[in-house]
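User: Could you walk me through this model? I'd like to go question by question, with the reasoning kept short.

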Protein chains: 2
Amino acid sequence: MSEFQKVVLSREITGVPVAQDFAIEAMARPEIAEGELLVKNAFLSLDPYIGSRLKGRHMSGPAPKIGELIPGLAVGEVLESRAAGFAPGDHVVGESGWRTHCVMDAAAAQKVDAAIQPLSLHLGVCGMPGLTAWASAHHLAKVREGDRVLVSSATGPVGGTVGQLARIKGATKVVGLAGSDTKCRTVEREYGFDLCINYKDADWTDQLAAALPDGITVYHDNVGGDVLDAALANLADYGRVILCGLISQYNLPEGERPAGPNPGVYILKRAQLSGLVVYDYMAEQADYAARAFEWIESGDLRYVEDRAEGLAATPELFAKLMHGDNVGKTVVALGNG
Amino acid sequence: MSEFQKVVLSREITGVPVAQDFAIEAMARPEIAEGELLVKNAFLSLDPYIGSRLKGRHMSGPAPKIGELIPGLAVGEVLESRAAGFAPGDHVVGESGWRTHCVMDAAAAQKVDAAIQPLSLHLGVCGMPGLTAWASAHHLAKVREGDRVLVSSATGPVGGTVGQLARIKGATKVVGLAGSDTKCRTVEREYGFDLCINYKDADWTDQLAAALPDGITVYHDNVGGDVLDAALANLADYGRVILCGLISQYNLPEGERPAGPNPGVYILKRAQLSGLVVYDYMAEQADYAARAFEWIESGDLRYVEDRAEGLAATPELFAKLMHGDNVGKTVVALGNG
């Protein structure tokens, strides 16, 4: 097949996405117009929100139709530029879709420091997931010494980083939630959380209450649903809750938007809730990436990748992510990073 | 009947309370023990939370049984004291129940400034409802110049005061919600809100969107339910929402706790929510009362009372409150304030 390839939607998705919902196709070498860049991708980012996007319910844009490119971020090298401020050899992150090469709107492309290696870091702990974690722990929760922090989806690049940033900022105790014992081991051993609880254990809410007997002072929620309810039940008075994602809803049938907690629990706990949308913090991306890379080099911040090689591996890897079987940041390496 | 009287529960309450759920009884002159005060009440406070308390679901305490005194705050004059720091002639606010005289635990009694007149102010705009409004507008919402404020239950002493305090603190626009045109007129003419919308109008959500086209920056919620949903739909990004009461739930059958909004709306709006429990601010009560009375005297803060005379009028007045037919702070005058 051609050097230029893409992943398209091959059929309507019903339920949780599987590899057969996607197809690999050859494509022509893209032509660029004024204000655009031709980028050779090094890594594709596979993210839970794409599951929501494929069903037409994510603020990042509409769902692709059958035969259309699957959206998603990538990091790569500029091959051609018709935009001021970008030159061949620059590295950029931006909306590419799942393909080997892309045309990127320069106005929406973000130049990144190629000294931060591997380049996949720009999609994970130094990229938007890391910035999300920074917005949560630093800007919204304002984690400080003595905090007792709970993080859901703790294996992922957002949750794993929130817990580590909380520790850097002085949290006394950091507890994670994840969906398997394997994931929990990663959270404890790699990310250094004090404890990670498998929320599929029958007694997980008892484990949670026992782990944080004085109450949770900061809860980072990627999930919603029952996990949010349990966190609220164990919240300390004036606990800060950062609402960041709703993974529990991503695979629900179209139109089903389950209700949330009765506001009475927020009142009773004097809860302080903040909704988080990472797009609001993009101006800080480069500064944050530099800082995060220092922490990585000093060993204070660790990351785990679930990496596959080659565009053809993308559908299978995405299905694994959607089924919750991934550990860490999910990326596809295209052989030139 | 004796000079000493009380109101008791006469039968089990089903649905919205009515006057026949209560009875007036004579009582003996109370004897006080060490640490207690005998207080001759001047005004009783009738409050929506008592509706919740009567059904056993308010944090202030258990429901009374049949034949037992109905709980509630009162303001009155100390007749006898067996507690250090209190003397006959002092005026106090505290838990009394609905009766002409009460035994008050001095540790829970709050001495008030009798120069603040009428004494019923200590139950309304200078008392706990006013302090609730202060906690909302000042401490939690931190209302500032340019804010566009929405207040539910705007006729009541909490909502009416939140809107006026917001104006004092520089809000650009203050909009109320109330349940009748009569109430709305009071909110506009007496409290000086820019506008009050009758949430029983069929098109009230359209009126709301038209009144605050740039979005609500501060919403004080006394209600929950559909009103909260509509406020969130019109919230500006980063809007502050103060969750203070759930009047829409007070009369629901036991055990029914309706769900709340899906957290997705909080995320989308980057909402900043705070649960408010006024008990946390009691240390500020006296300072706040002095400040509020200055604003009353300068004409910056106005109040409306729904007042009945004599203990015998209490059941009927409470039923009126529970049916939402009251306007302003509901008090019973006992003829000595």
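User: How many salt bridges does a search of the whole structure find over all chains?

Analyst: Keep in mind that this is a predicted model. A pair counts when a side-chain nitrogen of Lys or Arg comes within 4 Å of a carboxyl oxygen of Asp or Glu. Run over all chains, the search comes back with 22 salt bridges.

User: Which residue meets Glu80(A) in a salt bridge?

Analyst: Glu80(A) sits in strand S4 of chain A, residues 73-81. Its partner is in the loop between strand S2 (22-26) and strand S3 (36-46) of chain A, so to speak a distant part of the chain, 51 residues apart. The N to O distance is 2.6 Å, within the 4 Å cut-off, and the residue on the other end is Arg29(A).

User: How many salt bridges are there between chain B and chain A, and which residue of chain B pairs with Asp280(A)?

Analyst: The count between the two chains is 2. In the pair with Asp280(A), the closest N and O atoms are 2.7 Å apart. That residue also turns up among the three in chain B that lose the most area to chain A, along with Asn262(B) and Ile267(B). The partner is Arg270(B).

User: What area is buried between chain B and chain A?

Analyst: On the contact side, 30 residues of chain B touch 30 residues of chain A. Carbon and sulfur atoms give 57% of the buried area. Asn262(B), Ile267(B) and Arg270(B) together make up 23% of what the chain B side buries. The total comes to about 2400 Å².

User: Which element gives the most to the side of chain B that touches chain A?

Analyst: Across this interface there are 12 residue pairs in polar contact. The elements of chain B that give two or more residues to its side are strand S12 (235-243), helix H7 (263-268) and strand S13 (272-275). By class, that side has 19 nonpolar, 8 polar and 3 charged residues. With 5 residues, the one that gives the most is H7(B).

User: In what sense do S13 of chain A and S13(B) pair, parallel or antiparallel?

Analyst: Strand S13 of chain A covers residues 272-275, and its pairing with S13(B) runs over 3 bridges. Within it, Ser274(A) stands opposite Gln272(B). The sense of the pairing is antiparallel.

User: What is the radius of gyration of chain A, and how does it sit against the globule rule?

Analyst: Chain A comes to 9 helices and 15 strands, and its C-alpha trace spans about 60 × 45 × 30 Å along the principal axes. For 337 residues the globule rule gives 20 Å, and the chain's own value is close to that, so chain A is as compact as a globular protein of that length. The radius of gyration is 20 Å.

User: Which residues does the cis peptide bond join in chain A, and which in chain B?

Analyst: Most peptide bonds are trans. In chain A the bond has omega about 0°, and its proline is in the loop between strand S7 (110-112) and helix H2 (128-140). In chain B omega is near 0°, and the proline lies in the loop between strand S7 (110-111) and helix H2 (128-140). The pairs are Gln117(A) and Pro118(A), and Gln117(B) and Pro118(B).

User: What is phi of Arg270(A)?

Analyst: Most residues other than glycine have a negative phi. Arg270(A), in the loop between helix H7 (263-268) and S13 of chain A, has a positive value instead. Its phi is near 50°.

Conventions. Residues numbered from 1 in each chain as written. Chains lettered and ligands numbered in written order. Predicted model: local features only at pLDDT ≥ 70, side-chain atom pairs only at ≥ 80, totals over all residues. Heavy atoms only, no water. Contact = heavy atoms within 4.5 Å. Buried area = accessible area lost by both parts, 1.4 Å probe. Polar contact = N/O pair within 3.5 Å; in protein donor to acceptor, adjacent residues only side chain to side chain. Helix = DSSP H or I, 4+ residues; strand = E, 2+ residues; numbered from the N terminus. Nonpolar A, V, L, I, M, F, W, Y, C, P; charged D, E, K, R; others polar. Pairing = 2+ DSSP bridges. Rg over C-alpha atoms; globule rule 2.2 N^0.38 Å.
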